[in-house]
Protein chains: 4
Amino acid sequence: MKLSEKKVLKKKEEILMSAVKIVNNKGYQGATMEEIAAALLMTKGSLYYYFKNKEDLIFQCHALVLSKANKELLAHLEEPISFEERLRKMIKTHIHYAIEKKESFNMIIKPKETFSSEQLHPILQQRKIYAGYFDQIIQGGVDAKEFVNVDLKIVRMILLGSMNWIQQWYMPAGGKSKVEIQEIYADYLLKLLK
Amino acid sequence: MKLSEKKVLKKKEEILMSAVKIVNNKGYQGATMEEIAAALLMTKGSLYYYFKNKEDLIFQCHALVLSKANKELLAHLEEPISFEERLRKMIKTHIHYAIEKKESFNMIIKPKETFSSEQLHPILQQRKIYAGYFDQIIQGGVDAKEFVNVDLKIVRMILLGSMNWIQQWYMPAGGKSKVEIQEIYADYLLKLLK
Amino acid sequence: MKLSEKKVLKKKEEILMSAVKIVNNKGYQGATMEEIAAALLMTKGSLYYYFKNKEDLIFQCHALVLSKANKELLAHLEEPISFEERLRKMIKTHIHYAIEKKESFNMIIKPKETFSSEQLHPILQQRKIYAGYFDQIIQGGVDAKEFVNVDLKIVRMILLGSMNWIQQWYMPAGGKSKVEIQEIYADYLLKLLK
Amino acid sequence: MKLSEKKVLKKKEEILMSAVKIVNNKGYQGATMEEIAAALLMTKGSLYYYFKNKEDLIFQCHALVLSKANKELLAHLEEPISFEERLRKMIKTHIHYAIEKKESFNMIIKPKETFSSEQLHPILQQRKIYAGYFDQIIQGGVDAKEFVNVDLKIVRMILLGSMNWIQQWYMPAGGKSKVEIQEIYADYLLKLLK
DNA sequence: AATGAATGAGAATTCATTCAT
DNA sequence: CATGAATGAATTCTCATTCAT
């Protein structure tokens, strides 16, 4: 890869990182190319050098965020500790994302009708992988008799659903800290598996 | 109230019921007045006879859905049965809404940045009331020693969050039926309180 | 004329009197049928019982105001006093209209491009008659050697123009009273004829 | 100032010059963005590249015209000739504007209720300056005993009012020429000061 | 690589007008 | 007579997209 190509890639990611925040606050329709460009001190026109069109840009936002989250989760999966400990870490990681990277995170959890089906497919694929990591740990725990036998899919849905919801109400200022929430949620959610 | 006023109200509700579906599929920005009107075999202009502007129309969509959901939940609250039974019914009702009235339901769970704060307030107020019904039952159960002592707010959040998530994945065709899901969810979620 | 017809005429005038004010504040395009109706506690639709359309309504506003002003001026014209005295009275009357009936008055002085030429004509005709009254007095005064010989049309234009302008700046609260202005203007303007 | 900024300014002025004519023929409400754009062989959308919205565009029309008129008048104010000569020149300049730049001129004399008060203020300020130039000459003439003592404000109002009125009746084709009118008006109006 | 300028296809909104009741 | 309801054309405004420089 030539240096110039690397530069382009870096710039692309820079744009995506910034765009993620805006798209999340305003939604697909609400976010304007103008706004995305302005946040980067660029002009609208320049965005079209890097991305084919708006849909493409926003699609790549999703892809970027998802692959990052997946990578992080995968790391936990492979740690040589008990299933309960591993699931606990995954729960904390997920909550961390849900709270600290709220903007990016939203992209994972609702790809919506925004995309043409050809673009939607790889995103859903990634989501499936992400969910699979949880399934592996839960099933592993059940097999190892660490967890009681459960309906795998349903329990995973309860886990993810309840955690995804946190960002709807979490306020850094008042109430519990992120760490407290991580602990409490891990405790309660693990009760489902005991 | 005069007959004419009643007629207007009925028409308004008719419009809202139809609009809810569209707004939910396309989102606030994606739904157009044209489309909303067309679905009712009206013209754009007519909508403005009933609603001040787009924001007003969509705001009233939220208000309508919320008040209906609230009413239904309240009924369960007052039944003369054990707290566990009542909570079970409320869970089932909530899931029923989340699945069957998916469109309307979405409006309740993300009012977002769509609304001017003056309109947002009454919606949040209604949401608070809705959440309060769950709190009452949970606290009641704890006081009556039916449930173990829990962090009220957190548990309620886990309940609602996990249930709200159902609509993201539920597919009537394959897998479990609504009734099954209602039962399974109720079982699992009640484990948190035991 | 039947009683019912009289009633209609009365209602028409009532509408016109009210419309004049609105049209004057907002201009032809700015004034809406809605607003005109609302000021009379009627509905838009009802206006169309009395007037063919908006243009017709506003045209009749002009006609009404002009005919009233003309009638009043004519009275002065025929008083058995010196030309100077008569002109003085006419000046005062005109200023009175310009200040006190500002809204109505504006209609006289700028019929503009608002009207179709067929409607514009009678209005211009009336204006000509109004101007003619001033011409008669000035010419009469010149013939009677009360006034010096002047360019009739130009002087009349200076008179009317300067008086029409008063409403642009006159403020009842501060500065000179209406009566003072009437006196001062009469004094200055008569200097042109001496 | 960079070249590009200058270009924008030039284009802006080009648009304004064209818009002034249209706004004047049709008024604020009557003139459409479509029409203004078409006259410049542009599209509606482009106007919004240069101006925030219609109100902004029209506001800047006023500002442009006023500042031009003010500059011109100021030049006369400083000529080293008698007060009478200077006032005569100012009268002629004003009449020239009223006749030849009728469109632009109208904007000066009636800012109206069109503007939000925050925009209205600077316009009124400019008008005050314009009027002040006349006041200076009149007062100067009085002090220098060239003119008789007069009510400064009233006389200035008579001057401006009568001249502003010219455009209501002046027809290039028939009757007197512009130059004749300038002379006659100057003669008559100066009589007020003698 | 970036930008400034322009465009055109919608979108929301307004309002005169109509008409059945 | 009056009105409520509906309409549709006109108008303002937005924004993704293009392209010459």
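**Close-up views of a predicted model**

**View 1. Helix 5 of chain C and its buried residues.** In this predicted model, helix 5 of chain C has these buried residues: Phe83(C), Arg86(C), Leu87(C), Arg88(C), Met90(C), Ile91(C), Thr93(C), His94(C), Ile95(C), Tyr97(C), Ala98(C) and Ile99(C). The helix covers residues 83-100, which is 18 residues. At 1.5 Å a residue it should span 26 Å, and because its end C-alpha atoms are 25 Å apart, the two values agree.

**View 2. The largest nonpolar core.** This core has 80 residues. Leu87(A), Tyr185(A), Leu87(B) and Tyr185(B) have the most contacts inside it. A second, separate core of 78 residues includes Leu190(C), Leu192(C), Phe105(D) and Ala186(D). In soluble globular proteins, nonpolar side chains tend to be buried together.

**View 3. The surroundings of Tyr185(B).** Leaving aside residues up to four places away in sequence, Tyr185(B) touches Ile154(A), Met157(A) and Ile158(A) from chain A. In chain B, Tyr185(B) touches Ile95(B), Ser162(B), Met163(B), Ile166(B) and Trp169(B).

**View 4. The rotation axis relating chains A and B.** Chain A superposes on chain B after a rotation of 180° with 0.0 Å of shift along the axis, with an RMSD of 0.2 Å. The two copies are therefore related as by a two-fold rotation axis. Both copies use the same surface: 94% of the contact residues of chain A recur in chain B. Among the residues of chain A, Ser162(A) comes closest to the axis, with its C-alpha at 2.1 Å.

**View 5. Chain pairs that do not touch.** Chains A and C make no contact, and their nearest C-alpha atoms are 32 Å apart. Chains B and D do not touch either; there the nearest C-alpha atoms are 20 Å apart.

Note on methods: Residues are numbered from 1 along each chain as its sequence is written. Chains are lettered from A and ligands numbered from 1 in the order in which they are written. This is a predicted model: local features need pLDDT of at least 70, side-chain atom pairs count only at pLDDT 80 or more; totals for chains, interfaces and linings use all residues. Side-chain values use heavy atoms; hydrogens and water are left out. Contact means heavy atoms within 4.5 Å. A nonpolar core is a set of buried Ala, Val, Leu, Ile, Met, Phe, Trp, Tyr and Cys residues joined through side-chain atoms within 4.5 Å. Buried means under 20% relative accessible area, exposed over 50%, partly exposed in between (1.4 Å probe, protein chains only). Copies are superposed by least squares on the C-alpha atoms of residues with pLDDT of at least 70 in both. Helices (H or I, at least four residues) and strands (E, at least two) are DSSP runs, numbered from the N terminus. The expected span of a helix is 1.5 Å times one less than its number of residues.
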